[in-house]
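Trainee: I am new to this structure and would like to learn how its labels are earned. Could you take me through a few of them?

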Amino acid sequence: MSEPPHALIAGAGIGGLTAALALARRGWRITLIERRDGHEDIGAGLQISPNASAILRDLGLLPKLIEASLAPEAVHIHRARDGATLARLPLIDAESRWGAPYLYAHRADLIRVLREAALAEPGVAFHPQTALAGFDQTSHGVTVAALRDAMRVSFSADCLIGADGVRSFVRARNAALQGKADDLPKLAHYVAWRALVPADRVAAALRAPESALWLGAGAHLVHYPLRGGSVINVVAVIDAVWPLDDKADLWSQPGDPAFIATRFARWAAPVRDLVAAAGDWRLWPLVERRTPAHWNNGRIALLGDAAHAMVPFLAQGAAQAIEDAAALAAQLVPGRDVPAALAAYSAARTARAGRVQSESRLQARRYHLRWPASRVRDAALRALGPARLLGRYDWLYGAKTAWNTGMAEANPPI
């Protein structure tokens, strides 16, 4: 009996873990390497929109994820200077409208559910604290070199999937092998300030089971409850040209509370109160990378931020990585020619991810408009009304994905 095909996945974040699980369920043997220890409680809240939760449901993960998540009742959009309501979009019927629930979860909780499910698969081998150091490919496979505690280790596989984030080693090395220059960004044009605030520190109105979005000049702020309502996730994004430190962790740089308090000092009282209640602020310079025309090169392919890092104004970073993973599993059918399958995966994903990336960029400009353009935006939000505003997201949240077909039957809830 022949051995199952073998994929090496670099990166055990949301995309890498989802790909490991989906491929293992389709009969692949997986080697998953991660430069961290794989158990950090990094990040903060994220939105799992129906286009992603449908895939997680079909992988059997929703029962456990729902235990640690919140299904919001609405998105409440405010004008920052006085708190006036511009629109309130109901999400109570998200599942009936888009076919799957809309959820808010802490990134660490989603990672935990994915990791437990992936590592429960007998074909998945996980190697934490293992950093990719190099790779080469032939017509028959890929050889990978890595470092673990200063010791060099090597692996062989049928393909290599680079799910290793914005600063993707796989993307950089692959570009070099093809004689191309990598396009690693040097500046961020937005900076996110993130905090988790204990719910008992804020007024009841700020603990409502909804996402509150405050739109101001050159900035916006969003907040919603997490982990059973015990904490409030706060993300404040400001226009800022920010040099990137190649050695710093983009996700979690320390932030000065005095700066963020001053920046939002003229916003409505609920925002000021929420900012004041936050203790530990973390900086996250927001970067995006050009989506390449092809994510594949022979037996090598990119996934998630390595392929299409985007600004989070549509809250789609995690969701698009999950879509990538499902599309990859749909194409990498055991027995199929691997380079052809990876080419089909790239072709299936580039236009969709590229559109999400460009729409996220456009949304950034809308959110941060200054007067008088902001006055026109606010009037348009009120005039459109909830039904038409929700309809603008049908293309994104209600996407019917061919790769889901049959997945639910093969993957019962865990």
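Trainee: Let me start with a simple one: in which helix does Arg-366 lie?

Mentor: Arg-366 lies in helix α11, which covers residues 338–367. Please keep in mind that this is a predicted model.

Trainee: Why is Arg-366 called partly exposed?

Mentor: Its relative accessible area is 33%. Buried means under 20% and exposed means over 50%, with partly exposed in between, so Arg-366 is partly exposed.

Trainee: Which residues gather with Arg-366 in a patch of positive charge?

Mentor: Arg-365, Arg-388 and Arg-392 gather with Arg-366 in that patch on the surface.

Trainee: Now to Glu-34. Where does Glu-34 lie, and how do you know that it has no salt bridge?

Mentor: Glu-34 lies in the loop between β2 (29–33) and β3 (45–48). The nearest side chain of opposite charge, Arg-36, is 4.4 Å away. A salt bridge needs a side-chain nitrogen of Lys or Arg within 4 Å of a carboxyl oxygen of Asp or Glu. Glu-34 is buried, yet has no salt bridge.

Trainee: What does the side chain of Glu-34 reach?

Mentor: The side chain of Glu-34 reaches the backbone nitrogen of Arg-36, at 3.0 Å. A polar contact is a pair of N or O atoms within 3.5 Å.

Trainee: What about Gln-129 and Asp-149: which is exposed and which is partly exposed?

Mentor: Gln-129 has 45% relative accessibility and counts as partly exposed. Asp-149 has 66% and counts as exposed, because exposed means over 50%.

Trainee: Where are these two found, and what is the phi of each?

Mentor: Gln-129 lies in the loop between β7 (124–127) and β8 (130–137), and its phi is near 50 degrees. Asp-149 is in the loop between β9 (142–148) and β10 (151–157), with a positive phi of about 50 degrees.

Trainee: What makes such a phi worth pointing out?

Mentor: Most residues other than glycine have a negative phi. Gln-129 has a positive value and is not glycine, and Asp-149 is likewise not a glycine.

Trainee: Which two residues does the cis peptide bond join?

Mentor: The cis bond joins Trp-371 and Pro-372, with omega about 10 degrees. Pro-372 lies in the loop between α11 and α12 (373–391). Most peptide bonds are trans.

Trainee: Last one: why does Leu-103 count as buried?

Mentor: Leu-103, found in strand β6 (residues 103–106), has 3% relative accessibility. Buried means under 20%, so Leu-103 counts as buried.

Key: Residues are numbered from 1 along each chain as its sequence is written. This is a predicted model: local features need pLDDT of at least 70, side-chain atom pairs count only at pLDDT 80 or more; totals for chains, interfaces and linings use all residues. Side-chain values use heavy atoms; hydrogens and water are left out. Patches are made of residues with over 30% relative accessible area and no salt bridge: like charges are joined within 9 Å, nonpolar side chains (Val, Leu, Ile, Met, Phe, Trp, Tyr) within 5 Å. Accessible areas come from the Shrake-Rupley method with a 1.4 Å probe; for residues, only the protein chains shown count as cover. Lys and Arg count as positive and Asp and Glu as negative; His and the chain ends are not counted. The place of a charge is taken as NZ of Lys, CZ of Arg, CG of Asp or CD of Glu. Helices (H or I, at least four residues) and strands (E, at least two) are DSSP runs, numbered from the N terminus. Buried means under 20% relative accessible area, exposed over 50%, partly exposed in between (1.4 Å probe, protein chains only). A polar contact is a pair of N or O atoms within 3.5 Å; within protein, one must be able to donate a hydrogen and the other to accept it, and residues adjacent in sequence count only if both atoms are side-chain atoms.
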